[in-house]
Amino acid sequence: MRLTPAGTGRPALGWSAALLAAALLGGCGTAETGLQRDAARQLQARVLEVAQASSQDDPAAALRALEGLEAELESAQSEGRISEERRRSITTIATAVRADLNEAVAAAEKAAADKAAEEERIAAEKAAAEAPPPAVEVPAPAPAPAPVPVAPPAPAPEADKDDDKKGNEGKGKGND
């Protein structure tokens with residue numbers, strides 16, 4: 001039995017608690033209903049705690065109140081103040097309410113975790129935007145090779161001027 005319509009979430013908690021209250025209160029107070037007046041009053045107080053916590057959107061507190069209701073229900077049954085049939089009826093509804101409350105707690109925890117993750121992501125982006133860009137390491141240029149000493153060119157041997165004249169004798173103009 002699912003009391004939380006898909007996608008509606010928390011408003012169904014109030015309905016669940018109201019259903020629990022209706023089951024508990026319906027025909028209470030007489031021996032014919034399987035519930036004695038004092039047990040009915042005690043259980044009503046516990047149901048009211050569950051309903052109030054649910055209406056205040058506090059599923060964790062509603063679960064604690066539901067645990068108190070279940071303990072009170074067990075005590076009343078063991079003392080003979082409530083019939084087994086009536087206890088089972090209330091327990092069935094309490095189980096459905098517990099499932100809705102557990103779902104609400106899980107949804108709240110997931111929402112809190114999602115919110116924390118989003119805040120962390122935003123903080124990381126902000127820190128990255130504010131941080132100076134990393135320095136780009138430019139490799140140092142390789143040292144220039146040392147110049148190789150070069151010997152100055154050797155002077156060309158001077159040709160003997162007389163040899164030139166001797167070899168050219170008689171070859172010029174006017175020497176016929």
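**Entry 1: alanine 76.** I looked up the burial of alanine 76 in this predicted model. Its relative accessible area is 1%, so I recorded alanine 76 as buried, the cut-off being under 20%. I placed alanine 76 in helix H3. Setting aside residues up to four places away in sequence, I found that alanine 76 touches Ala39, Arg81 and Ile82. I also took the C-alpha separation of alanine 76 from leucine 43, which came to 8.9 Å for a pair 33 residues apart along the chain.

**Entry 2: the helix pair.** I then turned to the packing of H2, residues 37-55, against H3, residues 59-78. Their axes lie 8 Å apart and make an angle of about 165°. Since an angle over 145 degrees counts as roughly antiparallel, I entered H2 and H3 as such. I noted a left-handed crossing for H2 and H3.

**Entry 3: the contact.** I listed the residues through which the two helices meet. From H2 they are Ala39, Gln42, Leu43, Arg46, Val47, Glu49, Val50, Ala53 and Ser54, and from H3 they are Ala61, Ala62, Ala65, Leu66, Gly68, Leu69, Glu72, Leu73 and Ala76. By class, I recorded 12 nonpolar, three polar and three charged residues in this contact.

**Entry 4: glutamate 72.** Is glutamate 72 buried or exposed? I found it buried, with a relative accessible area of 17%. Glutamate 72 belongs to helix H3. Neighbours within four places in sequence aside, I recorded contacts of glutamate 72 with Gln42, Leu43, Arg46 and Arg81. Arg81 therefore appears in my contact lists for both glutamate 72 and alanine 76.

Methods:
Residues are numbered from 1 along each chain as its sequence is written. This is a predicted model: local features need pLDDT of at least 70, side-chain atom pairs count only at pLDDT 80 or more; totals for chains, interfaces and linings use all residues. Side-chain values use heavy atoms; hydrogens and water are left out. Axes are lines fitted to C-alpha atoms, for helices over the stretch in contact, and angles run from 0 to 180 degrees between N-to-C directions. Helices (H or I, at least four residues) and strands (E, at least two) are DSSP runs, numbered from the N terminus. Angles under 35 degrees count as roughly parallel, over 145 as roughly antiparallel, 65 to 115 as roughly perpendicular and the rest as oblique. A crossing is left-handed if the near helix is turned anticlockwise from the far one by less than a right angle, and right-handed if clockwise. Contact means heavy atoms within 4.5 Å. Ala, Val, Leu, Ile, Met, Phe, Trp, Tyr, Cys and Pro count as nonpolar, Asp, Glu, Lys and Arg as charged, and the others, Gly among them, as polar. Buried means under 20% relative accessible area, exposed over 50%, partly exposed in between (1.4 Å probe, protein chains only).
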